[in-house]
Amino acid sequence: MQQRYATNPAQIPGMTTADLRAQYLVPEIFVPGEITVVYTHHDRIVLGGAVPAGRDLVLPGYPEIRSDYFLEHREVGIINVGGSGTVTADGETYTLVTGACLYLGRGVRDVVFADAGEGDESGAQFYLFSAPAHTAYPAALVSPGEGTVRELGDQATSNRRTLNQYIHENGVKSCQIVMGVTSLHEGSMWNTMPAHTHDRRTECYLYFDLPEDARVIHLLGEREETRHLVVADRQAIISPSWSLHSGVGTAAYSFIWAMAGENQTFDDMDAAPVTSLK
């Protein structure tokens, strides 16, 4: 388990591009035949990926979280961004097609990831987002398009997008995870603008469905001290609660957004108008 320690806004002015990438970018999440996890001390989130690549992968406990098994004191949201796969949780098997979301609550002891065995050459690629949990909520599987769907943005401002809310206060119940998928319409590049912060929650982005030769320019930092990272397909960003987050791509793409922190109110955000950015 890789660890990333918490940072504060005063560090941003002195950070090089390499420093920023080392702190906030997770460049390699999906490694065939492995479970890869990163622990960020911002809201004690764990994010990572599981790629069965033809064999079963068992989610282990890790010394860094001081638990006998991974979900002893945690919950996890799982979204499949690859071919069809299965997640078996304490003997109950869930099939996740591309884009499906599975929530597993605190206390689930045995978690196994596998391909669905349907001849899909791409194989399953499970994205994991986990946060501490104080109580247990039941497991729930949501198929693509079955969450709360919101149409946002406008083609005139290049940010027309479809947002699927899966784990949230009016959907799948959790202790503190809020999670979903946003897909930009063809010809739209901005995932959100104006940018915003929510000083009560850490948010992580996983960018995917991005062409191999395309990139997303991800904005971060405070509104008067912005920086950017150049992000490729299936790479993730850790965004502390004090940092704004917005991005523009060289082509349309999708991204998984996931948050944990003080509350689960999706619209609890502080806008950073473009005229205020420097």
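## Strand pairing around β10

Two strands count as paired if DSSP finds at least two bridges between them. In this predicted model, strand β7, residues 85-89, meets that condition with β10, the two being antiparallel and linked by five bridges. Within this pairing, A89 has V111 of β10 as its bridge partner.

Strand β10, which covers residues 111-115, is also joined to strand β5, residues 57-58. Two bridges connect β5 and β10, and their sense is again antiparallel. On the β5 side, L57 is placed opposite F113 of β10. Strand β10 thus has antiparallel bridges to β5 and to β7.

## Strand pairing around β11

Strand β11 spans residues 126-132, and six of its seven residues are buried. One of its antiparallel partners is strand β4, residues 45-50, to which five bridges connect it. In this pairing A50 is bridged to F126 of β11.

Strand β6, residues 74-80, is another antiparallel partner of β11, with seven bridges between them. Here R74 faces P132 in β11. As a general point, side chains in a regular strand alternate between the two faces of the sheet.

## The loop before β4

The loop that leads from β3, residues 35-40, to β4 contains D43. R44 also belongs to the loop between β3 and β4. Most residues other than glycine have a negative phi. D43, although not a glycine, has a positive phi of about 55°. R44 is likewise a residue other than glycine with a positive phi, near 55°.

What is the exposure class of each residue? D43 has a relative accessibility of 32% and therefore counts as partly exposed. R44, at 42% relative accessibility, also counts as partly exposed. Both values fall in the class between under 20%, which is buried, and over 50%, which is exposed.

## Q165 in strand β14

Strand β14 runs over residues 161-167 and includes Q165. Is Q165 buried or exposed? Its relative accessibility is 5%, so Q165 counts as buried, the cut-off for that class being under 20%.

Which residues surround Q165, once its neighbours within four places in sequence are set aside? The contacts of Q165 are then G147, T148, R150, M179, W257 and F266.

## Overall fold and dimensions

The secondary structure of the chain consists of one helix and 23 strands. Contacts between residues 24 or more positions apart make up 72% of those with a separation of 6 or more.

The chain has 278 residues, for which a compact globule would have a radius of gyration near 19 Å; the value for the chain is 18 Å, and the two therefore agree. Along the principal axes, the C-alpha atoms occupy a box of roughly 55 × 40 × 35 Å.

## Burial, surface and charge

Among the 278 residues of the chain, 54% are classed as buried. The area that the chain exposes is about 11600 Å², and 47% of this area is supplied by carbon and sulfur atoms.

The chain carries 19 positive and 34 negative charges. The mean position of the positive charges and that of the negative charges lie 6 Å apart.

Notes
Residues are numbered from 1 along each chain as its sequence is written. This is a predicted model: local features need pLDDT of at least 70, side-chain atom pairs count only at pLDDT 80 or more; totals for chains, interfaces and linings use all residues. Side-chain values use heavy atoms; hydrogens and water are left out. Helices (H or I, at least four residues) and strands (E, at least two) are DSSP runs, numbered from the N terminus. The radius of gyration is taken over C-alpha atoms; the globule rule is 2.2 Å times the number of residues to the power 0.38. Buried means under 20% relative accessible area, exposed over 50%, partly exposed in between (1.4 Å probe, protein chains only). Contact means heavy atoms within 4.5 Å. Accessible areas come from the Shrake-Rupley method with a 1.4 Å probe; for residues, only the protein chains shown count as cover. Lys and Arg count as positive and Asp and Glu as negative; His and the chain ends are not counted. The place of a charge is taken as NZ of Lys, CZ of Arg, CG of Asp or CD of Glu.
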